[in-house]
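Got your viewer open and a selection box ready? Load the model below, and let's walk through it one stop at a time.

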Amino acid sequence: MELERLKDAVGLITLSEEAKERILNLNGRRMQIRRQRGRIYKGVTAACVAVVLLACMMFLPAADSPEWSVNAYAQGTDGAEWIRLKPGERVLLQKEEGKEYYRLKIDIPGRYWYEKDIIILGQDHIWVDGDEIYWLTDALFYTDVEEQTGYKLPEVMSDYLYIKILDEDNQITDLIRLEVSKEYGKCYVQLKD
Amino acid sequence: MREDVEEIFFRYGNMLYRTAVVMLGNKSDAEDAVQDTLIRYMEHRREFKDEEHRKAWLLRVCINLCKNRLLFKKRHPQIEFAELTEYYEKSEDGWLAELLMRLPESYRAVLMMYYVMGYNIRETARILKITESAVKKRMERGRNRLREMVEKEGIMEWNWND
């Protein structure tokens, strides 16, 4: 059987004495393998630590998030809904069904006070009533102010509503800065950082 | 840690080395593969059922280490077959060994186990952890590929009636 010649051909391959000596010097190679494994373990450990740190970074802000919240009835991804405002996020306000005004709800467990409780934004009237904020458009003039006075209202307007949160000693512990803005007839609100 | 590593090396060293040389086509890589196999053996804590189990385990570990090295060599090609010709006095045997080494790794391992180590199909399948039908297919394809190469090279006469 010709393929049996493979056995003869390969059988001629034998270890030389030098090779035997080199192979049996296992300690050096073992140290090398250990070092390689050590590097791998260090890499894996570093990656695990990085993942844990990243997870902590992701969850810590949630742990530090304030107890208070500002909620607005606004345009969400599935249509109009109550949305808890996140710092920096700007939302387009929507009117609740059957309501003539926009509405925001403040949920602050402790004591707080508004630095100002009324804002006039062009013809719009924004005011505070307890833990709710109302925004009535075209509230000040029932006839068009531009026709009456010749004054052209700007297309883009904004103002700030400040809410100061107090502790038991009436010391300010937190400040909520809420930007209300009107752009081309649309009303927006943004919780500032 | 095992104390009998030297004894094992003297018993199976050449067998492991031949396997590694055929698989890798490179002497120094083959020596490293044998050395790594012995280190794996030293660190292996489970007992072997019998001597045949130990031998099959060593072969499987050696082949797996060679496969790892082949993966590395794919990225860093370094064919050094020329250095192996020192083993051959008869040129035909040298060519045969070289053609075997040119086969794809999966065919090479099966032909090596069957024709050189003398394992049957079932044993080859167990050692390489593949099915018996896979062994048969690889063996047939490996033989065909080897025949094509022999015919193409035209170096030696070959009786294919076996």
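The tour takes in each chain as a whole, then a handful of places worth selecting.

**Before you click**

You're looking at a predicted model, in which local features need pLDDT of at least 70, side-chain atom pairs count only at pLDDT 80 or more, and totals for chains, interfaces and linings use all residues. Residues are numbered from 1 along each chain as its sequence is written, chains are lettered from A and ligands numbered from 1 in the order in which they are written, and side-chain values use heavy atoms, with hydrogens and water left out.

**Stop 1: chain A, whole**

Select chain A and switch to cartoon. You should find four helices and eleven strands (DSSP runs numbered from the N terminus: helices are H or I with at least four residues, strands are E with at least two). Of its 193 residues, 34% are buried; here buried means under 20% relative accessible area, exposed means over 50%, and partly exposed is in between (1.4 Å probe, protein chains only). Chain A exposes about 12,300 Å², with carbon and sulfur atoms supplying 52% of that (Shrake-Rupley method, 1.4 Å probe; for residues, only the protein chains shown count as cover).

**Stop 2: a nonpolar patch on chain A**

Now pick A:Leu54, A:Met57, A:Met58 and A:Phe59 and show their surface. Together they form a nonpolar surface patch with about 510 Å² of accessible area. Patch members have over 30% relative accessible area and no salt bridge; like charges are joined within 9 Å, and nonpolar side chains (Val, Leu, Ile, Met, Phe, Trp, Tyr) within 5 Å. Zoom in on A:Met58, which sits in helix α3 (residues 26-64) and is exposed at 60% relative accessible area.

**Stop 3: A:Asp124**

Is A:Asp124 buried or exposed? It is buried, with a relative accessible area of just 1%. You'll find A:Asp124 in strand β7 (residues 124-129). Show side chains and look for two polar contacts: one of 3.0 Å to the side chain of A:Trp135, and one of 2.8 Å to the side chain of A:Lys182. (A polar contact is a pair of N or O atoms within 3.5 Å; within protein, one must be able to donate a hydrogen and the other to accept it, and residues adjacent in sequence count only if both atoms are side-chain atoms.) Setting aside neighbours within four places in sequence, A:Asp124 also has A:Ile119, A:Leu136 and A:Cys187 among its contacts, a contact being heavy atoms within 4.5 Å.

**Stop 4: A:Asn170**

Slide along to the loop between β9 (156-166) and β10 (172-183), where A:Asn170 is found. Most residues other than glycine have a negative phi. A:Asn170 isn't a glycine, yet has a positive phi of about 60 degrees. It counts as partly exposed, at 45% relative accessibility.

**Stop 5: chain B, whole**

Switch to chain B: seven helices, zero strands. Of its 162 residues, 52% count as buried. Its accessible surface comes to about 8,600 Å², 44% of it from carbon and sulfur atoms.

**Stop 6: salt bridges in chain B**

A salt bridge here is a side-chain nitrogen of Lys or Arg within 4 Å of a carboxyl oxygen of Asp or Glu. Start with B:Glu7 and B:Arg11, whose closest N and O atoms are 2.4 Å apart. These two are about one helical turn apart, because they are four residues apart in helix α1 (residues 5-24).

Next, select B:Arg69 and B:Asp29, which meet in a salt bridge at 3.9 Å, N to O. That pair links distant parts of the chain, B:Asp29 in α2 (residues 27-43) and B:Arg69 in α3 (residues 51-75), 40 residues apart. B:Arg69 also meets B:Asp36 in a salt bridge, at 3.2 Å. B:Arg69 and B:Asp36 are both buried.

**Stop 7: helix α5 of chain B**

Finish on residues 105-116 of chain B, helix α5. How many of its twelve residues are buried? Nine are, so the helix is largely enclosed by the rest of the structure. B:Tyr107 is one of the buried ones, at 12% relative accessible area. Outside its neighbours within four places, B:Tyr107 is in contact with B:Arg138, B:Arg141, B:Gly142 and B:Arg145. Just past the helix, B:Gly118 takes a positive phi of about 85 degrees.

Key
The expected span of a helix is 1.5 Å times one less than its number of residues.
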